[in-house]
Amino acid sequence: MADSWVNSAERIGADLHLELSGQGGRRAALTRALREAVRSGRLAPGTRLPPYRSLAADLGVARNTVADAYAELVAEGWLTARQGSGTRVAARTEPLRPAARTPDKVPPRARGPRHDLRQGTPDASAFPRTAWLASYRRAVQQAPGEVFGPGDPAGRIELREALTEYLARARGVRTEPERIVICSGFAHAVRLLFGQGGGGVLRGPLAVEAYGLDFHRGLLATAGVRTVPLPLDEHGARVDRLGRERAVLLTPAHQFPTGGPLHPERRAAVVDWARARDALVLEDDYDGEFRYDRRPVGALQGLDPERVIHVGSVSKSLSPALRLGWMVLPERYVEGVLAAKGEREGWASVLDQLSLADFLVCGAYDRHVRRMRQRYRRRRDRLVRALAAHAPQVEVTGVAAGLHAVLRLPPGTERSVVKAAAWRGVALDGLAAFRHPDTDMAPRDGLVVGYATPSEHAYGAALDALCGALPPE
Ligand SMILES: Cc1ncc(COP(=O)(O)O)c(C=O)c1O
């Protein structure tokens, strides 16, 4: 198609490069080209456009083609046409301004550190693209027509059935599809349970572990929920310190971030407390499938499905980008959570829900978790070996589980080690980032190493850089 300079400066004030390309014939191409010139600011507001005849001649198109293009842009509001003053660029059109950030000015975080050992994400390069696509394709092909309408806030029954079977088999959760509500992950579950600025199903004060995810504490604070920190020891959260709180949030399978499981006696004790106080346990089962030294510890929910709300998501097993999770609820909370969700599913894509259902039922989820378990176990073993060789004074604490490990550091050294690591291009957090501001527990110095985060080929270099930043013996 034509690619011309309209070069009659006296007519439109400036040379205008119009590229008549793309689909739909010359009129459509000219309309597009002019619209783009106005939108980008190359044709400034008020600029007078050439008469039909001259532009048609310049571009080698019919006069009517230009007339039609102008008329369409007038109708859209890009141009104005007035008798006597010709066709002009409309005064109110705002040119598209380039984004403030130019490629040279991308902040360091956006570009990413050289060695990313921040906890929180699975190895992105291992996302099971082919198997997920196969499930998605089957889900879309087999979906009945009603799937493409507004979704049920409880979530698709296919997914709730698949989860009922999977969670019973893999996590020891006792439930039925009617007690599962699909959500977009743990963060969403917190919002649904505690509301945003009040009005949730549960009320505070809420006991939490003295070390935990500050992001979740922030969500609770926004909802107006006071959190009361429980100290931790070698057996996990000190549940004997529970008092008049209405509920307790725990990570029983693998304390986040310090890394120990809750001792069996404390598991029983916290359920007894909930029964005696008519209180609730909120179980965050964020990485329960990933245990390397033994079979995973079953969910606390199995001890008392009427006292424990069990929450899980695919954020560690597949990807946090999917935004898919589940709440397994005592019967008396189902209605309230559904009311909090609203009349229609507004969070979790129904097609993704069906894909996950297929992914679970066809065995792809189990296969992927098994594969990732092996991969993360190898990574943790490499970390332990590297430390034994290069920094024997630094101990890996917690059980062999999950996607991160905590390295214990000599008291008072955490800040300087995190800084030394950053200087070597290693991004990670110290334990202080996870400490509840109100806890009276003695601070622990340590590094939280997300060994799952780098891709396979980048892990060795990340470990070398980390070892180089650790304090000498
Ligand atoms: C302690 C903890 N709980 C839960 C989650 C999962 O959060 P979500 O399901 O909202 O992605 C994470 C992060 O992945 C986490 O670190």
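Q: A polar contact is a pair of N or O atoms within 3.5 Å. In this predicted model, what makes the approach of Phe186 to the ligand such a contact?
A: A backbone N or O atom of Phe186 lies 2.8 Å from an oxygen atom of the ligand. That distance is within 3.5 Å, so the pair counts as a polar contact.

Q: How do you know whether the side chains of Ser313 and Lys316 meet the criterion with the ligand?
A: An N or O atom in the side chain of Ser313 is 2.8 Å from a ligand oxygen. For Lys316, a polar side-chain atom stands 3.4 Å from an oxygen atom of the ligand. Both values are within 3.5 Å, so both pairs qualify. On its own the ligand exposes 390 Å², of which the protein buries 91%.

Q: Which residues come nearest to the ligand?
A: The ligand has 13 residues around it, and those that come nearest are Phe186, Asp284, Ser313, Ser315 and Arg323. A residue is counted because one of its heavy atoms lies within 4 Å of the ligand.

Q: What makes up the shell around the ligand in terms of residue class?
A: The shell divides into five nonpolar, five polar and three charged residues. Phe186 belongs to the ligand's surroundings and counts as nonpolar because Phe is in that class.

Q: Where does the ligand sit?
A: The ligand is placed in the largest pocket. This is said because more than half of its atoms lie within 2 Å of the pocket's grid points.

Q: Why are S15 and S18 called edge strands of their sheet?
A: The sheet is open, with four strands in the order S15-S16-S19-S18 and antiparallel pairing. Strand S15 (395-397) and strand S18 (429-430) each have a single partner strand, so one side of each lacks a neighbour in the sheet.

Q: How do you know that S15 and S16 are paired?
A: Three bridges join S15 to strand S16 (residues 405-408) in the antiparallel sense. Pairing requires at least two bridges, so this count satisfies the criterion. Glu395 stands opposite Arg408 in S16.

Q: What makes the peptide bonds from Gly204 to Pro205 and from Phe256 to Pro257 noteworthy?
A: The bond from Gly204 to Pro205 is cis, with omega near 0 degrees, and the bond from Phe256 to Pro257 is likewise cis, with omega near 0 degrees. Pro205 lies in the loop between helix H8 (186-194) and strand S7 (206-209), whereas Pro257 is in the loop between strand S11 (247-250) and helix H10 (264-277).

Note on methods. Residues are numbered from 1 along each chain as its sequence is written. This is a predicted model: local features need pLDDT of at least 70, side-chain atom pairs count only at pLDDT 80 or more; totals for chains, interfaces and linings use all residues. Side-chain values use heavy atoms; hydrogens and water are left out. A polar contact is a pair of N or O atoms within 3.5 Å; within protein, one must be able to donate a hydrogen and the other to accept it, and residues adjacent in sequence count only if both atoms are side-chain atoms. Accessible areas come from the Shrake-Rupley method with a 1.4 Å probe; for residues, only the protein chains shown count as cover. On a 1 Å grid over the protein atoms alone, a cavity is a set of points where a 1.4 Å probe fits but cannot get out, and a pocket is an open set with protein on both sides within 12 Å along at least five of seven lines; lining residues have an atom within 4 Å of a point.
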